[in-house]
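Open the model in your viewer and keep the sequence beside it. This tour tells you what to select next and what is there.

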Amino acid sequence: MEQGHSTDVVDDRKGKYIPIRDADEPELGMFDKPLPCCGCGIGWFFLLLGFVFPLMWYVASVLYFMKYYHKDPRERSGLTACAIAATFFTIAAVIALLVILL
């Protein structure tokens, strides 16, 4: 039996815990832990929080451009959504200021 591929219950009873991994994809079990912020991730949490505090979209945009998602690729979609929301908010704020001032 190869080391690292044991699924035998007898091995577990002896106290030998061997991680189950796929030989072809060693990163398969890397992201088994849940995402922070209630399981939805930092990006989606900041997106929802940004509707109350739009500054959070800019914080998440900075994280996106600093490539925070390399730590966990599951964060990429939420951080991208925040960057898009920050762009839309900036455009809307500039248009609103131009209408008010001109």
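Start with α4 and pick its buried residues: Gly78, Leu79, Ala81, Cys82, Ala83, Ala85 and Ala86. Buried means under 20% relative accessible area, exposed means over 50%, and partly exposed lies in between, with a 1.4 Å probe and protein chains only. Helices are DSSP runs of H or I with at least four residues, strands are runs of E with at least two, and both are numbered from the N terminus. This is a predicted model, in which local features need pLDDT of at least 70, side-chain atom pairs count only at pLDDT 80 or more, and totals for chains, interfaces and linings use all residues. Residues are numbered from 1 along each chain as its sequence is written, and side-chain values use heavy atoms, with hydrogens and water left out.

Now show what covers those α4 residues: the cover includes α2 and α3. Then check the helix length. The expected span is 1.5 Å times one less than the number of residues. For the 26 residues of α4 that gives 38 Å, and the end C-alpha atoms are 37 Å apart, so the two agree.

Zoom out to the whole chain. It has four helices and zero strands, in the order α-α-α-α from the N terminus. Of its 102 residues, 24% are buried. Contact means heavy atoms within 4.5 Å. Among contacts between residues at least 6 apart in sequence, 44% join residues at least 24 apart.

Next, the largest nonpolar core. Such a core is a set of buried Ala, Val, Leu, Ile, Met, Phe, Trp, Tyr and Cys residues joined through side-chain atoms within 4.5 Å. This one has 13 residues; select Phe46, Leu47, Trp57, Ala60, Tyr64 and Cys82, which touch the most other members. Helices α2 (41-50), α3 and α4 each supply at least two residues of this core. The largest share, six residues, comes from α4.

Stay on Ala60. Leaving aside neighbours within four places in sequence, Ala60 contacts Phe46, Leu79 and Cys82.

Move to Ser61, in helix α3. Ser61 is buried, with a relative accessible area of 8%. Beyond residues up to four places away in sequence, Ser61 touches Cys82, Ala83 and Ala86.

Select Tyr58, also in α3. Is Tyr58 buried or partly exposed? At 30% relative accessibility, Tyr58 counts as partly exposed. Its contacts, neighbours within four places aside, are Ala86, Phe89 and Thr90. Put a distance on the C-alpha atoms of Tyr58 and Thr87: they are 8.9 Å apart, with their positions 29 residues apart along the chain.

Now go to the loop between α3 and α4 and pick Lys67. Most residues other than glycine have a negative phi. Lys67 is not a glycine, yet has a positive phi of about 60°. At 46% relative accessibility, Lys67 counts as partly exposed.

Finish at Glu75, in the loop between α3 (55-65) and α4 (76-101). Glu75 is buried yet has no salt bridge. A salt bridge is a side-chain nitrogen of Lys or Arg within 4 Å of a carboxyl oxygen of Asp or Glu. The nearest side chain of opposite charge, Arg74, is 6.9 Å away. (Lys and Arg count as positive, Asp and Glu as negative; His and the chain ends are not counted.) What does the Glu75 side chain reach? It reaches the backbone nitrogen of Ile42 at 3.0 Å. The backbone nitrogen of Gly43 lies 3.3 Å from a polar atom of the Glu75 side chain.

Note on methods: Lys and Arg count as positive and Asp and Glu as negative; His and the chain ends are not counted. A polar contact is a pair of N or O atoms within 3.5 Å; within protein, one must be able to donate a hydrogen and the other to accept it, and residues adjacent in sequence count only if both atoms are side-chain atoms.
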